[in-house]
Amino acid sequence: MSKSSRKTFLTKSLYLVTSLIFIERGLGFSSEVTAENKPSGTIPEGLSPVSESDPTAKALGFHQDAKHTDFTLNPERKEPSAKNQFCKHCAQYTKLNDAWGKCNIISAGVVSSLGWCSAWSQKM
Ligand code: SF4
């Protein structure tokens, strides 16, 4: 690789990384999902993740990763005030480990601690 093409590659890479950071911050997730605090627990034995195509999950706009929320259907999730709305902070969530828990509403498996659905309500 020539010196100028390496410089071009590095410059484009820097633009790409910077753009991704701005996009992520714009969606309000940067304070919650970072490399340091990404949940690492394994799926509890004998259980499986709720399928996002489960009828209840689908009706509530549930995603195992809140970043995949359909913001056209759920614009409130994009608001800065909703940036900490994750399953792990929901009143319906019972923690099984750092990454997974049970939901009282979508009960066909386990939900990710960083999931979200439109039934979210603040855990007291
Ligand atoms: S009700 Fe709460 S715990 Fe259950 S899927 Fe929705 S946000 Fe997650």
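## Lys95 and Asp98

In this predicted model, Lys95 is exposed, and Asp98 is exposed as well. These two residues form a salt bridge with each other, in which the closest N and O atoms are 3.2 Å apart. When the whole structure is searched for salt bridges, one is found.

Asp98 also takes part in a contact through its backbone, since a polar atom of the side chain of Ser113 lies 3.2 Å from the backbone oxygen of Asp98. Asp98 therefore has to be looked at in two ways, with its side chain facing Lys95 in the salt bridge and its backbone oxygen facing the side chain of Ser113.

## Overall build of the protein

The secondary structure of the protein consists of two helices and three strands, and, read from the N terminus on, these elements follow one another in the order α-α-β-β-β. The protein has 124 residues, of which 32% count as buried.

## Buried residues after strand E3

Ser113 is found in the segment that follows strand E3, which covers residues 111–112. Ser113 counts as buried because its relative accessible area is 1%, and the cut-off for being buried is under 20%.

Trp116 is found in the segment after E3 too. With a relative accessible area of 1%, Trp116 is buried. Although Trp116 and Gln85 stand 31 residues apart along the chain, their C-alpha atoms are separated by 6.9 Å.

## Cys90 in its loop

Where along the chain is the place of Cys90? Cys90 sits in the loop between helix H2, residues 55–59, and strand E1, residues 93–95. The relative accessible area of Cys90 is 8%, so Cys90 is buried. The C-alpha atoms of Cys90 and Ala119 are separated by 8.9 Å, while the two residues are 29 residues apart along the chain.

## Surroundings of the ligand

Cys90 appears again among the residues that surround the ligand, and the others in this group are Phe62, Cys87, Gln92, Tyr93, Cys103, Ile105, Ile106, Cys117 and Trp120. How many residues of this shell are nonpolar, how many polar and how many charged? The shell divides into nine nonpolar residues, one polar residue and no charged residue. Gln92, a member of the shell, is the polar one, because Gln is not among the residue types that count as nonpolar or charged.

The space that the ligand takes up is the largest cavity. Taken together, the ligand is in the largest cavity, with a shell that includes Cys90 from the loop before strand E1.

How values were computed: Residues numbered from 1 in each chain as written. Predicted model: local features only at pLDDT ≥ 70, side-chain atom pairs only at ≥ 80, totals over all residues. Heavy atoms only, no water. Near = heavy atom within 4 Å. 1 Å grid on protein atoms, 1.4 Å probe; cavity = no way out; pocket = protein on both sides within 12 Å on 5 of 7 lines; lining within 4 Å. Sits in = over half its atoms within 2 Å of the grid points. Helix = DSSP H or I, 4+ residues; strand = E, 2+ residues; numbered from the N terminus. Buried < 20%, exposed > 50% of the residue type's maximum accessible area, 1.4 Å probe, protein only. Polar contact = N/O pair within 3.5 Å; in protein donor to acceptor, adjacent residues only side chain to side chain. Salt bridge = Lys/Arg side-chain N within 4 Å of Asp/Glu carboxyl O.
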